[in-house]
Amino acid sequence: MKIATYNVNGVNGRLPILLRWLGEKKPDVVCLQELKAPQEKFPEQEILDAGYHAIWHGQKSWNGVAILARDKKPEEVRRVLPGDPDDTHSRYIEASVKGILIGCLYLPNGNPAPGPKFDYKLRWFERLTEHAAGLIKSGKPAVLTGDYNVMPTDLDVYKPEKWVNDALFKPEVREAFKKLVGQGWTDALRTLHPNEKIYTFWDYFRDAYGRNAGLRIDHFLLSPSLKGHLKAAGVDRDVRGWEKTSDHAPVWIELAG
DNA sequence: ATGCCGTGGAAACCACGA
């Protein structure tokens with residue numbers, strides 16, 4: 001089974017790109033972030049026509065997450081990350097697909113740091129970590145994937161020294177990621193490719209993609225029971241080179257069975 | 001060192017992103 005995550009940066013503006021990619025790669029399950037569309041403006045019919053059932057949590061202008069699956073509609077488990085009833089951002093949706101719990105997340109960017117946005121990021125990270133602990137404890141096969149807005153190590157940044165004070169790379173954020181993974185999760189891409197430069201995002205500016213000035217910020221975390229099923233993992237890097245593309249590239253894993 | 005590009009929404013500019 002192939003599971004992918006893709007920060008589309010506007011699901012309607014990017015629909016031709018999304019449909020082309022779905023048609024070419026045919027992942028079984030897809031997590032989308034940054035829909036930038038209200039609930040009623042999600043292109044459900046076009047996605048159905050492409051062979052995917054979807055659940056989504058939209059929001060006007062910003063954020064928004066979705067889970068797509070071939071053949072069968074994802075069984076929604078929740079569409080809010082627990083722990084803060086006042087959080088109005090659409091950044092989390094969770095579903096059961098073929099016996100696997102899929103958590104699709106869009107972790108806050110957090111810039112500028114320090115500041116209220118950075119505080120929100122750290123709080124959101126804590127809530128995610130608390131929820132993730134429950135998933136581990138449940139023993140269910142689970143995948144937590146999406147745009148984490150964190151480069152876990154120096155290897156995940158084209159020029160680490162330029163990013164040390166950025167909300168995506170500040171020590172406390174890297175520490176938060178480490179703490180989460182330390183619960184027993186497997187960082188799928190890094191585990192299969194321990195020494196490779198792997199990027200999932202390239203800025204639109206300064207020909208970042210051409211210079212390969214990228215960041216690895218979209219991640220796949222696998223619960224202990226899924227670790228042994230991990231067969232392959234990678235980035236559909238070429239998609240970032242398409243016309244009118246997102247600044248992220250799709251990331252995927254292949255699980256046995 | 002930098003929002004230089006790109007999106008959505010509102011209003012011909014703004015917020016936001018990483």
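Two strands are said to pair if DSSP finds at least two bridges between them. In this predicted model, strand β3 meets that condition with strand β4 (residues 65-70), to which six bridges join it in the antiparallel sense. Within this pair, H53 stands opposite A69 in β4.

**The sheet that contains β3**

Strands β3 and β4 belong to an open sheet of six strands, which has the order β3-β4-β2-β1-β14-β13 and mixed pairing. Its edges are formed by β3 (52-57) and β13 (230-235); each has a single partner strand, so one side of each is left without a neighbour in the sheet. On average, neighbouring strands of this sheet are turned by 15° against each other, direction ignored.

**The sheet that contains β7**

Another open sheet of six strands runs in the order β5-β6-β7-β8-β12-β9, again with mixed pairing. Here the edge strands are β5 (75-78) and β9 (186-187), each of which pairs on one side only.

Strand β7 (residues 100-106) is largely enclosed by the rest of the structure, because six of its seven residues are buried. Strand β6 (residues 92-97) pairs with β7 in the antiparallel sense over six bridges. The two strands form a hairpin with two residues between them, and K98 in the turn has a positive phi of about 50°. Strand β8 (residues 142-147) pairs with β7 in the parallel sense, also over six bridges. Strand β7, helix α3 (residues 116-138) and strand β8 together make a right-handed β-α-β unit.

The following table gives residue partners between β7 and the strands β6 and β8.

| Residue | Partner residue |
|---|---|
| Y92 | L105 in β7 |
| E94 | G103 in β7 |
| I102 in β7 | V143 in β8 |

As a general principle, strands of a sheet pair through backbone hydrogen bonds, either parallel or antiparallel. Both senses occur at β7: antiparallel with β6 and parallel with β8.

**The surroundings of DNA strand B**

There are 25 residues around DNA strand B, and those that come nearest are G10, G13, K36, N109 and N111. By residue class, the surface near DNA strand B divides into nine nonpolar, nine polar and seven charged residues.

How values were computed:
Residues numbered from 1 in each chain as written. Chains lettered and ligands numbered in written order. Predicted model: local features only at pLDDT ≥ 70, side-chain atom pairs only at ≥ 80, totals over all residues. Buried ≥ 20, exposed ≤ 12 C-beta atoms within 10 Å, placed from the backbone. Helix = DSSP H or I, 4+ residues; strand = E, 2+ residues; numbered from the N terminus. Right-handed = clockwise from strand over helix to strand, strands pointing away. Near = placed C-beta within 6 Å. Nonpolar A, V, L, I, M, F, W, Y, C, P; charged D, E, K, R; others polar. Axes fitted to C-alpha atoms, helices over the stretch in contact; angles between N-to-C directions.
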